[in-house]
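Colleague: I'm new to this one and would like to learn how to read it. Could you walk me through a few features?

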Amino acid sequence: MKSEFIAENQSDIDSLILSFFSLIKFINPNLGKDQFLIGTNDWLVSKTKNVRKKLICVCTDGKIKNTENIFAITKDEALYFAKKITLAEKLNVKGISEIDNYKEDTKLVDFISNLKIFFNDKKISYIPEGYNGLLLLSHDIDYIQTNMMYRLGRIYYLLIYLRLGKFKMFFQNFIHFSKQVFIEKDWKHVKMLEIEKEFNITSTWFFFSRITENKKLFNPNYELKNNMVVDLMQKIKNNNSEIALHASPESAFNSIILNKEKANLASYSNEVISGNRHHMGRFNPKISFDIWIENEFEYDASFLANDKFMDITSTKHFFKIFNTSGNKSLIEFPTQWMDVQYLNFSAYDEKKFKSETFKVIDNAYNNNQVLSMNWHGVPYKWYTDVYREVIDYCIQKGFLICGYRDYLENIKD
Ligand SMILES: [Zn+2]
C-alpha cells in the first residue's frame, strides 16, 4: 500500500493519508503510482520538474504552486479531508444523516469538484465499459413477517425529530407512522427476488446473524435457521446474488462478536462472507475499522449517505479504509439512498416516493455516477410495483445493476 506513491519520508504516510490517496485513485483510477507525491516543497519542486503527467502533490511544509499538471495541497489539508471522509474523529457514529446532525463539509465538496476539473476526465472508468451508470443494489433484512420491531424502531426515530426540534419532519413522519401500524405485515423480499431474477440482475442481501451476545431490543429477532430465512437464502443463491452480514451495532465495538456473527452466517449460508453493514449504522471509526479489517471483510457499507440530505464523501465515490498500521485495507461503499422514511421521509407516499427516487436516478445518469441503493422490502401495497419500475428504468437508462461482490470484481487492482 505504502509503495503506491512516491514519498520523501515514509513516516509521512499513515492510514489517513492512505485513505486520502485511495479516494483520489477512485476518482481517477487511471492514475499511476508515480503520480502521487508527498514531501517537502524543495523535494517536490525537484521531483516535478519537466514532468508532463498530471501530479497530485501533498506538501509537508507550505505549498508548491498549482500548475496545469500539478494539483498541490498541504499535508494538513489532506489530513483534514481524510478525517472528514472516514469520519475518523467521530467517537461514535449513530447513523450519518441530517437527523443525526451530520453536515456536509463545504471545503470537501469544493476540493472534490476542483479535483474533477483538474482531471477533466469525461469518461469515468469505474463504470464498466458500455454503461452509463452503475446501480449498486442491496437489501437489509431486518424484519421477516413481523412488524413489531419496526414499529418500535419508528417510535425511536419519531422522538429524535422532536429532540432535534424538527417539528415539520415529526408531523410528516407521524402520518407515515400511523399508516404503517395498520398496513399489511409481510415484507416483500421474495417478490423483489423474483423481479431481480426476471431482469437477470444480482444484488447484495445483508442478513442479521443472531447469536447469544446480540439479542438486543432494536436488533432483528429472526434466526438464520428459521425456515423462511433458509428459503430466502436459497432464492438469493439461485439468483447468483450475494449474502453479506448485517452486523449488530455491538459487534462494531467487539471483534469477537463480529467474528461469531460472520462465522454463523457463513455456516448457515454456506457462502464466503465478504461484506459488512452495521444495523442502524452504528460504529466507532477509532476501533471499528481495525475490527472490520481483522475479520477479513473485503468491503463495508455502513456509511449511510442519503442523497437528499448529504453525501458522505461529497463525491458519490468509495474509498479505502486502512487499519492503524496502514498495511491492510477494505473498501468502504457509502450507501447513498434508503427506502425507509428515517432518511427518506416521503416513503409513505407512493407518488412522492417515486418522483424523488427517479430524481436521484436521473442525477446519477446525468453525471455518470455510481448510485448505491438500500431497500428493505417495506410492506406497502405499491412497493414492489415501484421496485420493478425502478429496475426497469435503470436498465433502460443503460445502468449496470449488480451487488457489491460482483462490482468488486470490476475494480480490483
Ligand atoms: Zn438494519
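Modeller: Sure, let's go from the whole chain to a few helices and loops.

Modeller: This is a predicted model, in which local features need pLDDT of at least 70 and side-chain atom pairs count only at pLDDT 80 or more, while totals for chains, interfaces and linings use all residues. Residues are numbered from 1 along each chain as its sequence is written.

Colleague: How many helices and strands are there in the chain?

Modeller: Helices (H or I, at least four residues) and strands (E, at least two) are DSSP runs, numbered from the N terminus. Here the chain has 13 helices and 16 strands.

Colleague: And what share of the residues counts as buried?

Modeller: We count other C-beta atoms, placed from the backbone, within 10 Å of a residue's own: 20 or more is buried, 12 or fewer is exposed, and in between is partly exposed. Of the 413 residues, 44% come out as buried. For contacts, the C-beta atoms of two residues, again placed from the backbone, must lie within 7 Å. Taking contacts with a separation of 6 or more, 75% join residues 24 or more positions apart.

Colleague: Let's try a helix. What span should H12 have?

Modeller: The expected span is 1.5 Å times one less than the number of residues. H12 (residues 383-396) has 14 residues and should span 20 Å, and its end C-alpha atoms are indeed 20 Å apart. Its buried residues are Tyr 383, Tyr 387, Val 390, Ile 391 and Cys 394. They cover an arc of only 95° around the axis, so they sit on the same side of H12. That arc is taken from the directions from the helix axis to the C-beta atoms.

Colleague: Which elements do the buried residues of H12 pack against?

Modeller: Among them are helix H7 (189-199), helix H11 (350-366) and strand E6 (133-141). Just after H12 comes Gly 398, with a positive phi of about 85°.

Colleague: What about H8, which residues are buried and which are exposed?

Modeller: Val 229, Leu 232, Met 233 and Ile 236 are the buried ones. They fall on the same side of H8, because their arc is only 100°. Asn 227, Asp 231, Gln 234 and Asn 238 are exposed on the other side. The buried residues of H8 pack against H7, strand E7 (204-207), strand E8 (242-247) and helix H9 (255-269).

Colleague: At what angle do H7 and H8 pack?

Modeller: Axes are lines fitted to C-alpha atoms, for helices over the stretch in contact, and angles run from 0 to 180 degrees between N-to-C directions. For H7 and H8 (residues 227-238) the angle is about 10°, with the axes 10 Å apart. The two are therefore roughly parallel, a label for angles under 35 degrees (over 145 is roughly antiparallel, 65 to 115 roughly perpendicular, the rest oblique). His 189, Val 190 and Leu 193 of H7 meet Leu 232, Lys 235 and Ile 236 of H8.

Colleague: Now a loop. Is Val 378 buried or exposed?

Modeller: Val 378 lies in the loop between E15 and H12, and counts as buried because it has 20 C-beta neighbours inside 10 Å. Leaving out residues up to four places away in sequence, Val 378 touches Asp 339, Val 340 and Tyr 383.

Colleague: And where does Asn 200 lie?

Modeller: Asn 200 is in the loop between H7 and E7. Its phi is near 60°, a positive value in a residue other than glycine. Asn 200 counts as exposed, with 10 C-beta neighbours inside 10 Å.
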